[in-house]
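Good morning, everyone, and thank you for making time for this. Please take a moment to look at the sequence and the model before I begin to talk about them.

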Amino acid sequence: MQFEELAALVQSRRSIRRYADREVPDELLQRALDLAVWAPNGGNRQSWAFYVVKDRQLIGKLADAVKAKTELMAGWPEAARFGESVRRWLRTSDFFRNAPVCIAVATGCYESVADQVLAARGAADPQAVQIGEARRVGASRLQSAAAAITTLLLSLHAQGLGACWMAGPQQAKQEIERLLEIPPELDFVALLPVGYPAEEPQPGPRRPRDEVVRFLR
Ligand SMILES: Cc1cc2nc3c(=O)[nH]c(=O)nc-3n(C[C@H](O)[C@H](O)[C@H](O)COP(=O)(O)O)c2cc1C
C-alpha cells in the first residue's frame, strides 16, 4: 500500500451520525471486526469484547437509557449555566437511535506485571501509590480498546460504511451492560453506531503539527 492511499483513508474518515435506511451485511461487519482485533493491545491479552446489535428494538432501548440519563443530568440546577450546549446535548445524545447497527465495545481487566507488583506493595508506600496513579491515567485496557476502535472505524470506512465513536453512552453504563448482558468482568466503554452514510460532513480543523509535536533531538 502506498502511503498516499493510507493517508486518503485516514483523512476521509468522518464521524457519521446520519444513516441510510439500508441493511448492513454481516460480512462487512465481520471483516471489519476481524481487522480490529489486530490492533496493538496490552500484553496481547486482547481483553476486549464487541457486541454487534442489529435488533432495532434493542437499539431503541439503548437510546432510551442514554436519553434518560441526559435528561436527568440536564435537569440538575448545575446544568443551567451551560445553556445552549446542554440543549444541544439533550437533542443529540441519542442520535444513534436510527442507526441500523450499533457496536458496543467492552474491555476486560488487564493487569501487567507492574500492576501486580504495585497491588502487592499496597497503599502504605507513597511511591507505589504515585506510580499506580500515573498508570491509571493511561490505563492499558483503555488504550487497547481505543486502538481496536480506531482500527474498526477505519476498516468500516474502507468498506463504505460510516460510524461514530461515542463515549457519551457511558453515562448509562449500568443499563447498557444489563440490556446487552455484558458480564461483570467486562466494562462497557464505547458505542459505535454504524450504517451507510446519509451525510457528508466536512472535516473539522486539525491543529497544526508544530502546535502538537515536539522533536527533542
Ligand atoms: C473518545 C471519543 C469519544 C467520542 N464521543 C462522542 C460522543 O459521545 N458523541 C458524538 O457524537 N461524538 C463523539 N466522538 C466523535 C468526535 O466528536 C469526533 O471524532 C471529532 O469531532 C472529530 O471528527 P471526525 O471524527 O469526523 O474527524 C468521540 C470521539 C472520540 C475519539
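I will go from the overall layout to the sheet, then to one helix, the core and the ligand.

Before anything else, please keep in mind that this is a predicted model, in which local features need pLDDT of at least 70 and side-chain atom pairs count only at pLDDT 80 or more, while totals for chains, interfaces and linings use all residues. Residues are numbered from 1 along each chain as its sequence is written.

Let me start with the chain as a whole, which has nine helices and four strands; here helices (H or I, at least four residues) and strands (E, at least two) are DSSP runs, numbered from the N terminus. Read from the N terminus on, the elements follow the order α-α-β-α-α-β-α-α-α-β-α-β-α, and the C-alpha trace spans about 55 × 50 × 35 Å along its principal axes. Of the 217 residues in the chain, 26% are buried, where buried means that 20 or more other C-beta atoms, placed from the backbone, lie within 10 Å of the residue's own, with exposed standing for 12 or fewer and partly exposed for what lies in between. Among contacts between residues at least 6 apart in sequence, 85% join residues at least 24 apart, a contact being a pair whose C-beta atoms, placed from the backbone, lie within 7 Å.

Now to the sheet, which is open, has four strands in the order β1-β2-β4-β3, and is paired in the antiparallel sense; two strands pair if DSSP finds at least two bridges between them. Because β1 and β3 stand at the edges with a single partner strand each, one side of each is left without a neighbour in the sheet. Moving across, β1 and β2 are joined by six bridges, with alanine 49 having alanine 106 as its bridge partner in β2, and alanine 106 in turn stands opposite phenylalanine 188 in β4. Seven bridges link β2 and β4, and one of the pairs there is alanine 104 with leucine 191 of β4. Between β3 and β4 there are two bridges, in which glycine 162 stands opposite glycine 195 and alanine 163 has valine 194 as its partner in β4.

How much of β2 is buried? Seven of its seven residues are, so β2 is largely enclosed by the rest of the structure. In a regular strand the side chains alternate between the two faces of the sheet. In β2 both faces are covered, with Val101, Ile103, Val105 and Thr107 buried on one side and Cys102, Ala104 and Ala106 buried on the other. Strand β4 is mostly covered as well, with seven of its nine residues buried.

One residue of β4 that deserves a pause is glycine 195, which is buried, having 25 other C-beta atoms within 10 Å. Leaving out residues up to four places away in sequence, glycine 195 touches Tyr19, Ala20, Val24, Ala99, Pro100, Val101, Leu161 and Gly162.

Turning to helix α7, residues 140-157, its 18 residues should span 26 Å, the expected span being 1.5 Å times one less than the number of residues, and the end C-alpha atoms are indeed 26 Å apart. Its buried residues include Ala148, Ile149, Leu152 and Leu153, and the buried residues of α7 pack against α2, β1, β2, β3 and β4.

That leads to the largest nonpolar core, which has 38 residues, with Cys102, Ala104, Val105, Leu192 and Val194 making the most contacts inside it; such a core is a set of buried Ala, Val, Leu, Ile, Met, Phe, Trp, Tyr and Cys residues joined through C-beta atoms within 7 Å. At least two residues of this core come from each of α2, β1, α3, β2, α7 and β4. Beyond its neighbours within four places in sequence, leucine 192 is in contact with residues including Ile103, Ile149, Leu152 and Trp165.

Finally, which residues surround the ligand? They are Arg14, Ser15, Arg17, Cys164, Trp165, Met166, Ala167, Gly168, Pro201, Pro203 and Gly204, each with its C-beta atom, placed from the backbone, within 6 Å of the ligand.

Conventions: Two residues are in contact if their C-beta atoms, placed from the backbone, lie within 7 Å.
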